[in-house]
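Let's take a walk through this fold together, beginning with its charged pairs and then stepping back to the helices and the chain as a whole. Keep the viewer open as you read.

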Amino acid sequence: MKKFCVVLLLSAALCVGARAAVPREYLAKAIAVGTSGEPFVVKVAYGEMLMRRIDSELFPDTLPALVYAMEQSDAVRRALPGDADWCAADIAIQNLEFGGGALYCAKWKDVENTPLSMRSGVRFYDWFFYS
């Protein structure tokens with residue numbers, strides 16, 4: 001718990017810069033919906049993936065439009081993010097490339113024996129983040 005509090009304080013201090021224009025609450029809710037029950041490291045990587053998608057020409061350029069395209073609008077609107085979701089949102093806004101610059105993610109069991117598993121990417125627990 002002590003480490004978590006330190007990470008939370010550091011991430012809150014880092015929350016400045018160009019990406020701070022992204023609604024923090026909306027990002028925390030999107031992380032809560034996309035990674036419910038997952039470890040903190042997955043939440044951070046998922047949040048960074050969402051931020052990277054906003055910066056990419058391949059996806060909508062606002063978080064609400066991106067969430068709508070992912071068909072998660074209603075769930076995100078109703079979500080109640082926990083402390084880990086808020087902390088992950090703060091870190092994701094900083095673009096620290098924790099998730100390896102990924103634009104996509106999948107459960108490892110879904111890609112393990114497919115050509116996707118040969119792509120370069122980052123694996124956290126049972127998640128695979130790749131470009």
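Six salt bridges are found in this structure, which is a predicted model. As background, side chains of opposite charge can pair when their charged atoms come close. Three of these pairs are worth visiting one by one.

Start in helix α2, where the side chains of Lys29 and Glu25 form a salt bridge with an N to O distance of 3.7 Å. Why are these two separated by about one helical turn? Because Lys29 and Glu25 are four residues apart in helix α2. Their surroundings are worth a look too: Lys29 has a relative accessibility of 15%, so it counts as buried, while Glu25, with a relative accessible area of 45%, is partly exposed.

A second pair sits in helix α5, which covers residues 73-78. Here Arg77 and Asp74 meet through their side chains in a salt bridge, at 2.3 Å from N to O. The two residues are three apart, about one turn of the helix. Is Arg77 buried or exposed? At 55% relative accessibility, Arg77 counts as exposed. Its partner Asp74 has a relative accessible area of 42% and is therefore partly exposed.

The third pair reaches much further along the sequence. Lys107 makes a salt bridge with Glu38, and their closest N and O atoms lie 2.8 Å apart. This pair links distant parts of the chain, 69 residues apart: Lys107 belongs to strand β1 (residues 104-107), and Glu38 lies in the loop between α2 and α3. Lys107 is partly exposed, its relative accessible area being 23%. The pair also has company, since Glu38, Lys107 and Asp126 are linked in a network of salt bridges.

Now turn to the two helices on either side of that loop. How do helix α2 (residues 24-34) and helix α3 (residues 40-55) cross? Their axes come within 10 Å and cross at roughly 120°, which makes α2 oblique to α3. The crossing of α2 past α3 is right-handed. On the α2 side, the contact is made by Leu27, Ala30, Ile31 and Gly34, and on the α3 side by Lys43, Tyr46, Gly47, Leu50 and Met51. By type, the residues of this contact comprise six nonpolar, two polar and one charged.

Helix α3 also gives a way to place a residue from later in the chain. Glu97 lies in the loop between α6 (83-93) and β1. In sequence, Glu97 and Val44 are 53 residues apart, but in space their C-alpha atoms are 9.8 Å apart. Which residues does Glu97 contact, leaving aside its neighbours within four places in sequence? Those partners are Glu48 and Arg52. Glu97 itself is partly exposed, as its relative accessible area is 48%.

Finally, step back to the whole chain. It contains seven helices and three strands, and their order along the sequence is α-α-α-α-α-α-β-α-β-β. Of its 131 residues, 44% count as buried. What share of the contacts between residues at least 6 apart in sequence join residues at least 24 apart? The share is 70%. The salt bridge of Lys107 with Glu38, whose residues are 69 apart, is a good place to see such a link between distant parts of the chain.

Note on methods. Residues are numbered from 1 along each chain as its sequence is written. This is a predicted model: local features need pLDDT of at least 70, side-chain atom pairs count only at pLDDT 80 or more; totals for chains, interfaces and linings use all residues. Side-chain values use heavy atoms; hydrogens and water are left out. Axes are lines fitted to C-alpha atoms, for helices over the stretch in contact, and angles run from 0 to 180 degrees between N-to-C directions. Angles under 35 degrees count as roughly parallel, over 145 as roughly antiparallel, 65 to 115 as roughly perpendicular and the rest as oblique. A crossing is left-handed if the near helix is turned anticlockwise from the far one by less than a right angle, and right-handed if clockwise. Contact means heavy atoms within 4.5 Å. Ala, Val, Leu, Ile, Met, Phe, Trp, Tyr, Cys and Pro count as nonpolar, Asp, Glu, Lys and Arg as charged, and the others, Gly among them, as polar. A salt bridge is a side-chain nitrogen of Lys or Arg within 4 Å of a carboxyl oxygen of Asp or Glu. Buried means under 20% relative accessible area, exposed over 50%, partly exposed in between (1.4 Å probe, protein chains only).
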